[in-house]
Structures are given as C-alpha cells and as structure tokens.
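This report describes one protein chain, starting from a single strand and working outward to the whole fold. The sequence and structure are shown first.

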Amino acid sequence: MRLKNQSGVKEFLEKLQRENRLPGGLLFYGPPGVGKTTASLELARGVLCLNSREWGCGECLSCTHYDRVVRDILSGVWENIEVYEETNGKKIFKYLSGEHPDFVYVPPSGGSVKIDQMRAVRDFAYMKPALSHRKVVVIDDAHTMTREAGNALLKVLEEPPSDTLFILISEGKDQLLTTIVSRTYQVEFHPLDEEVFYELIGERDRELYESSGGSYTVAKSMREKREIFRLLDEFLSLKPDKVYEVSTRLDKLELEDKELFLFLLEERIKKNFLEKGLNYDKFEMLSQRIAELRGGLGRGLRLSLGLLSLYALWR
Ligand SMILES: [Zn+2]
C-alpha cells in the first residue's frame, strides 16, 4: 500500500479486509492532502481483487483493469459519472465504457457533488457486479455535496445494496447530513508526520510544514503561489531576458495561477502609479491590456505572447 503515515488507519483497514468485516459505508475524514483519496483507491483495489488480497494482487483481471482506472483518476482524465450518452435512443452511463465495470469515482462537478451524480450512483449501486464480487463507489470531497444530493445518497444508504461498498471522503463530519454520517463507519485521518511530509514534498521546509498544517495538497499549492510571487518580481525587473524567461514559464502553469499572476501584476502596476508617479496614460494602457489578457486566457490565449506585447508597451 502506498499510503504513507496514517499507519493506524492502514492496519485497521487491513484487518477489516482480512476478516471480511467491511461495512457498507465508510467515511474517511480529516484535513485535505493527508492520504484519504489514496487510501480509498487502494482499499477499493483490494475489495475488487478476484484473488481477495487486502490491497489487490496486481495480476488478476480486476486489478489490471482497475490500475488503468486509477491512472486515469490521478492524471485527471477520469470521466465523471454524471455523463450520460445516448446510443440508439438508449441512455447509458459513460463510465461503463471505462475500464472497470464495478467501480466509480465521483469527484465534485463544478465545485460540488450534485444530485445528478447521486442519481447515477444510485442506478449503479443496484446493478449486479459484472467482473468482481462487489462494487465500490468513492465519493470525493463529499463535504461539497448539495443538500439535494445528500438526500438522494441517504436514500441509497438507508437501503444499501449488500454487494456495494461506499467510501465517502470529507474534510469534516459536520458538513455532512448527520443521517449520512450515522450510516457510515468513521475513520479519522491526521495531519502528516513531519518526516513523511518532507519526503513527499522533497525538502525539509519546517516553515512550510507548519503553515500548511501538515497537508501535502495545501503545501503544494502554497509553494506554487510563492513561485508566482517570485516570477512577478523577475518580470517587474523589466530586464528583457528575465521577462522572456518568466513569460514562457507562465505558459506551463494552471489557468488559475496565470489569473493570479495577472491580478498581482495589475496590483503592482497600480501601486507603481500611485507611489512612483507612473505616467497616467501608460498606467491606463497597461491596465487595459491586462484586462484583455485576462479575457483572452479563457479563450486559450498564450500568455507569453500577451505579456511580451505588454512589455513592449511598457518599456
Ligand atoms: Zn487482483
């Protein structure tokens, strides 16, 4: 099992698996980025394994298919369960064209877990397993679930199909309907141990460990933000080679990081104008260009080109 830290959790789940005592619903809760999703994916592998190994044998037909599913999930190409397709007038779930017929992973869709997704989960839950002996549903970030979605899920948990394991992942218990919580077996996850954290993040950064609360995900995003501030300073040095280097680096970042860069750039230009008497016409021209760049990002504009033309105006 790749799950690091959380050794108590690992032993506990192993025991449940070995003794065939897994309940119908599990709730993994705790801070973000400490291994809840990893644990759910690893556990599901074992539950579905045709050779009934605790964490999967890695060789049977189920494990082979399942490993491809996990690769898709981790690389972000997993297709959401809510997607329906019409084929010859017949509605089918698109996930069934995926790699493992007895497993679904449900992440939030547009910021929350929605009722359509839970309806699809319900339909899935009442089907017979097609490859393995059981089926598994993982609902990630269940704390984002809408009230309607929660009620729909509750109905399924009230009459749970005996061959389906539900794993809910949540940052806390309070955000979920108490009626849902009471129908699951709750497993608490803790912040990462310092040593495990350093190993994952690749450096011994004590300050980062403390400010991220021992969360790998939070730390990673904090580090990316720090990187953006560094890029901004380099860009504002207005040295041609730096500007070019920063612009091309930015092309490789996520959309939200590019947006953040533009936002911070505008703030700095404003400050420059107010404190250092940047020429007003120039200030207005630059602000307008940044607004255009922002709009262009959504249409797939290459930020580097936009920034180089902005630089040409500024110089
Ligand atoms: Zn197997």
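## Strand 1 and its partners

In this predicted model, strand 1 (residues 25–29) and strand 6 (residues 164–170) pair in the parallel sense, over five bridges. Within that pairing, Gly25 stands opposite Phe166 of strand 6. Strand 1 is also joined to strand 7 (residues 185–188), again running parallel, by four bridges. Here Leu26 has Tyr185 of strand 7 as its bridge partner.

Strand 1 is mostly covered, with five of its five residues buried. Gly25, Leu27 and Tyr29 point one way from the strand, while Leu26 and Phe28 point the other way. Both sets of residues are buried.

## Nonpolar cores

The largest nonpolar core contains 50 residues. Those with the most contacts inside this core are Phe28, Ala44, Val121, Val136, Val137, Val138 and Ile167. Helix 2 (residues 36–48) supplies the largest share of the core, six residues. A second core, separate from this one, has 13 residues, among them Val243, Leu286, Leu293 and Leu310.

Ile167 can be followed in more detail. Setting aside neighbours within four places in sequence, Ile167 is in contact with Leu26, Phe28, Ser40, Leu43, Ala44, Val136 and Val138. Of these partners, Leu26 and Phe28 belong to the side of strand 1 that faces opposite to Gly25, Leu27 and Tyr29.

## Helix 1

Helix 1 (residues 7–18) is twelve residues in length. From its first C-alpha to its last, helix 1 reaches 16 Å, close to the 16 Å expected at 1.5 Å a residue. Asn20 follows helix 1 and has a positive phi, near 55 degrees.

## Ala219 in helix 9

Helix 9 (residues 216–236) contains Ala219. Is Ala219 buried or exposed? Ala219 counts as buried because 21 other C-beta atoms lie within 10 Å, where the cut-off for a buried residue is 20 or more.

Leaving aside neighbours within four places in sequence, Ala219 is in contact with Ile201, Leu208 and Ser212. A residue far along the chain can also be placed relative to Ala219: Gly33 is 186 residues away in sequence, and the C-alpha atoms of the two are separated by 8.7 Å.

## Domains

The domain assignment divides the protein into domain 1 (7–190) and domain 2 (206–314). The C-alpha centres of domain 1 and domain 2 are 39 Å apart. How many residues of each domain are in contact with the other? Four residues of domain 1 are in contact with six residues of domain 2. On the side of domain 1 that touches domain 2, three residues are nonpolar, one is polar and none is charged.

## The whole chain

The protein has 13 helices and seven strands. Its C-alpha trace spans about 70 × 55 × 40 Å along the principal axes. Of the 315 residues in the protein, 31% count as buried.

Contacts can also be sorted by sequence separation. Among contacts in the protein with a separation of 6 or more, 71% are between residues 24 or more positions apart.

Note on methods. Residues are numbered from 1 along each chain as its sequence is written. This is a predicted model: local features need pLDDT of at least 70, side-chain atom pairs count only at pLDDT 80 or more; totals for chains, interfaces and linings use all residues. Domain bounds come from an automatic or database domain assignment. Two residues are in contact if their C-beta atoms, placed from the backbone, lie within 7 Å. Ala, Val, Leu, Ile, Met, Phe, Trp, Tyr, Cys and Pro count as nonpolar, Asp, Glu, Lys and Arg as charged, and the others, Gly among them, as polar. A residue is buried if 20 or more other C-beta atoms lie within 10 Å of its own, exposed if 12 or fewer, and partly exposed in between; C-beta atoms are placed from the backbone. Helices (H or I, at least four residues) and strands (E, at least two) are DSSP runs, numbered from the N terminus. Two strands pair if DSSP finds at least two bridges between them. A nonpolar core is a set of buried Ala, Val, Leu, Ile, Met, Phe, Trp, Tyr and Cys residues joined through C-beta atoms within 7 Å. The expected span of a helix is 1.5 Å times one less than its number of residues.
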